Amino acid sequence: MRTVLASVTMTVALVVGALPAWAYFTSTGAGAATGVAASVPRPASVVVTRTGEGTARVTWTTASSSLPVTDEVRRSNGTSTVTVCTSSSVRICDDTAVPPGTYTYSVVSRYRTWSATSTPSASFTMVDNVPTVLSFARNSPASTNLATVAWTVTFSESVNGPTTANFALTTTGLSGAVITGVTGGGSTWTVTAFTGSGSGSMTARLVSASGITDSTGNPPAVPVTGETYSIRPFFPTAFGITNGGSNNRIDSGDSMAITFSTTVDHRSLCGAWTEAGDHSSTIATVTVIDGGTANDSLSFALGTCPTLRLGTVTLGSDGYVAGGSATFTATLTATATSVTIVLGARPGTGSGAGSIGSVGSAPTATFTPDPLLSSSAGAGATGTVTSTGRF
Ligand SMILES: [Ca+2]
Ligand SMILES: [Ca+2]
Ligand SMILES: [Ca+2]
């Protein structure tokens, strides 16, 4: 402690070991102040690692100091030097815009006008690679009936410039399919396409590199083929419900008509059938299953088939049955592209098996086909369809 009278600034150079050291003292006005002796430590162990295209990570060590030093990381190509990072506490720097070339890095620790500079790193060479497509993957399941599908294109490094003009579709069986958009940035881009009409396959390809470049102007190699979608191979297109009994109640005379996008393989619907001709049966059953507090549902069976692979219906209300289940006899008719079911008597009526109730509105039911139901071309059924009409 010493007393300062007025406007005194004093700097004293000392020598501590091999490091520059300073005693620093500033005060303005009258009063008491404290002189502190401290040193700016010299950074050491500067290590450079290539962590990505055009990116180098620099790490170093610095002895602890009571001074709030700031570290500057400098990159030199032997003729010019640029400062690439300034750090006050973290001994790490990602130099993210390193042009191709060979460099050394050094670190300067500063406190006010005092500094200590590291010895340079080992020689470091930044190699510039041509961008490549690492993956070109579907964003949806391979088999889909979506109107629009997408792919994610992942490049090995950030690129600029992809547009719809760089991509093309290869399709079979589809009409009107077209690339509709390319969005994204950096190394990840999304290609979207309208699937048009019809059923078939669709593959997106990167066919042109025009306008696509990495940060140093390199284009990617083309062509690159993306994953293939199977578009609308086989799916239900309509689910009509017609009331033939009491409104809002599942009862005798009600009917359901399910229509498919293409010809049904009747052997997949019922293993006891052959493909030729349409089929009808009066020995089908339709069971209304209580879902508790969840929606009630329907299941279908056919006496001549060990397994009827039609699908299930979720009714959109829990109000049709309360406890247990209710089974109706039914007539099932299968044509090339549709299945129609007409409800008949309910043998359980009055026996306490499944009390059928009336719902207060007309909820939408949903038909989900059995995935083992297939088209005549062998495609498994996908998708769901919501109902029109009411019980
Ligand atoms: Ca590159
Ligand atoms: Ca219920
Ligand atoms: Ca009804």
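Long-range pairs dominate the contact list: of the contacts with a separation of 6 or more, 61% join residues 24 or more positions apart. The model is predicted. Its secondary structure consists of 1 helix and 30 strands. The chain has 391 residues, and 30% of them are buried.

Confidence comes next. Mean pLDDT for the chain is 88. A value of 70 or more is reached by 89% of the residues. Residues 1–21 are another matter: pLDDT stays under 50 there. For that stretch the model has 35 contacts beyond four places in sequence.

Now take the strands. Four of them, in the order β15-β21-β20-β17, form an open sheet with mixed pairing. Its edges are β15, residues 143–144, and β17, residues 167–175. Each edge strand pairs on one side only. β15 runs parallel to β21, which covers residues 224–231, and 2 bridges join them. Thr144 has Ile231 in β21 as its bridge partner.

Strand β19, residues 188–194, has partners of its own. β16, residues 148–155, pairs with β19 in the antiparallel sense over 7 bridges. There, Val153 is bridged to Trp189 of β19. β18, residues 178–185, is also antiparallel to β19, again over 7 bridges. Gly185 is bridged to Thr188 of β19. β18 and β19 make a hairpin, with 2 residues between the strands. In the turn, Gly186 has a positive phi of about 65°.

The two faces of β19 contrast. Trp189, Val191 and Ala193 make up the covered face. Thr188, Thr190, Thr192 and Phe194 make up the uncovered one. Trp189 thus appears twice here, on the covered face and as the bridge partner of Val153.

Where does the largest nonpolar core have its most connected members? This core holds 38 residues, and those touching the most other members are Leu269, Ala284, Val286, Phe300, Ala330, Leu332 and Ile341. Two or more core residues come from each of β22 (236–242), β23 (255–260), β24 (279–289), β25 (297–302), β27 (325–334) and β28 (338–343). β27 gives the largest share, 5 residues.

Ile341 shows how these parts meet. Leaving out residues up to four places away in sequence, Ile341 touches Ser255, Met256, Ala284, Val286, Phe300, Ala330 and Leu332. Apart from this core lies another, of 20 residues. Phe136, Val159, Ala177 and Ala204 are among its members.

Conventions:
Residues are numbered from 1 along each chain as its sequence is written. Chains are lettered from A and ligands numbered from 1 in the order in which they are written. This is a predicted model: local features need pLDDT of at least 70, side-chain atom pairs count only at pLDDT 80 or more; totals for chains, interfaces and linings use all residues. Two strands pair if DSSP finds at least two bridges between them. Helices (H or I, at least four residues) and strands (E, at least two) are DSSP runs, numbered from the N terminus. A residue is buried if 20 or more other C-beta atoms lie within 10 Å of its own, exposed if 12 or fewer, and partly exposed in between; C-beta atoms are placed from the backbone. Two residues are in contact if their C-beta atoms, placed from the backbone, lie within 7 Å. pLDDT is the predictor's confidence in each residue, from 0 to 100. A nonpolar core is a set of buried Ala, Val, Leu, Ile, Met, Phe, Trp, Tyr and Cys residues joined through C-beta atoms within 7 Å.
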